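User: Please take a close look at the empty space inside this protein and at the packing around it. I would like one connected account.

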Amino acid sequence: MPKIIKTMVKDNDRINFLPRHFGLITGIKVESYIYDVAHQSLAGYNGGYWSFFELSNGSFIIEPSYTGEREVTFALNWFSEKMNAEDYGIVVTALAIQRAAGMATGRRTTDYGDIMEKLLDYARSLPDNRYAKIRAALD
């Protein structure tokens, strides 16, 4: 498998990022969902800047801007670990894709499944300990 390249979306293209991947209405709902998830799961989260990344395999990552690691807790699956911003972004993006798939019908549902698999392909390219933590958060 070729190396998957992660490229930050330029500021002037940020406005088109969510609608391009989710459509306009679903994009607005997904953005709100992401912030809600962060408020519930990310220690010390009080809003902030999120970076958008395109992956060369056709997927993407929505990632909060923080340095180091923060405590992440998903009470429903008993997950509680420290995560860096990239790994947390992969988890939140996966949850957003699942949410969008739940709102979708027909072919669009399959598209979200493909996007999810490509996101997880990128996650699998990370060191094993990071990938295991991402999978545990999503379990």
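How many cavities of 30 Å³ or more does the count come to?

Analyst: This is a predicted model, and every value below is computed from it. The count comes to one cavity of 30 Å³ or more, and the volume of this largest cavity is about 30 Å³. Its lining is made up of Leu-18, Glu-31, Ile-34, Tyr-35, Trp-50, Phe-52 and Ile-62. Two elements, helix 2 (24–41) and strand 2 (50–55), each give two or more residues to that lining, and helix 2 gives the most, with three residues. Sorted by class, the lining of the largest cavity holds six nonpolar residues and one charged residue, with no polar ones.

Some of these lining residues also appear in the packing of the interior. Trp-50 and Ile-62, which line the cavity, are among the members of the largest nonpolar core that touch the most other members, a group that also includes Phe-22, Phe-74, Tyr-88, Ile-90 and Ile-97. That core has 46 residues, and helix 3 (residues 85–103) gives the most to it, with 10 residues. As for Ile-90, leaving aside residues up to four places away in sequence, its contacts are Ile-61, Leu-119, Tyr-122, Ala-123, Leu-126 and Ile-134. Phe-52, another residue of the cavity lining, belongs to a cluster in which ring pairs link Phe-17, Phe-22, Phe-52, Phe-60 and Tyr-112.

Across the whole structure a search finds seven aromatic pairs, one of which joins Phe-74 and Phe-79 in a tilted arrangement, with 6.3 Å from centre to centre and 40° between the planes. Phe-74 counts as buried because its relative accessibility is 13%, and Phe-79 counts as buried because its value is 5%.

Phe-74 leads on to the open space in the model, the largest pocket, which holds about 260 Å³. Of the 13 residues that line this pocket, Gln-40, Phe-74, Ala-75, Leu-76 and Leu-95 are the closest to its centre. Helix 2, strand 4 (69–74) and helix 5 (128–138) each supply at least two residues of the pocket lining, and the largest share, four residues, comes from helix 2. By class, the pocket lining has eight nonpolar, four polar and one charged residues. Helix 2 therefore supplies the most residues to the lining of the cavity and also the largest share of the lining of the pocket, while Phe-74 is both a well-connected member of the core, being among those that touch the most other members, and one of the residues closest to the centre of the pocket.

Definitions and conventions
Residues are numbered from 1 along each chain as its sequence is written. This is a predicted model: local features need pLDDT of at least 70, side-chain atom pairs count only at pLDDT 80 or more; totals for chains, interfaces and linings use all residues. Side-chain values use heavy atoms; hydrogens and water are left out. A nonpolar core is a set of buried Ala, Val, Leu, Ile, Met, Phe, Trp, Tyr and Cys residues joined through side-chain atoms within 4.5 Å. Buried means under 20% relative accessible area, exposed over 50%, partly exposed in between (1.4 Å probe, protein chains only). Contact means heavy atoms within 4.5 Å. On a 1 Å grid over the protein atoms alone, a cavity is a set of points where a 1.4 Å probe fits but cannot get out, and a pocket is an open set with protein on both sides within 12 Å along at least five of seven lines; lining residues have an atom within 4 Å of a point. Grid points are joined across faces, edges and corners, and a volume is the space filled by probe spheres set on the points. Ala, Val, Leu, Ile, Met, Phe, Trp, Tyr, Cys and Pro count as nonpolar, Asp, Glu, Lys and Arg as charged, and the others, Gly among them, as polar. Rings of Phe, Tyr and Trp (its six-membered ring) pair if their centres lie within 6.5 Å; planes under 30 degrees apart count as stacked, over 60 as edge-to-face and the rest as tilted.
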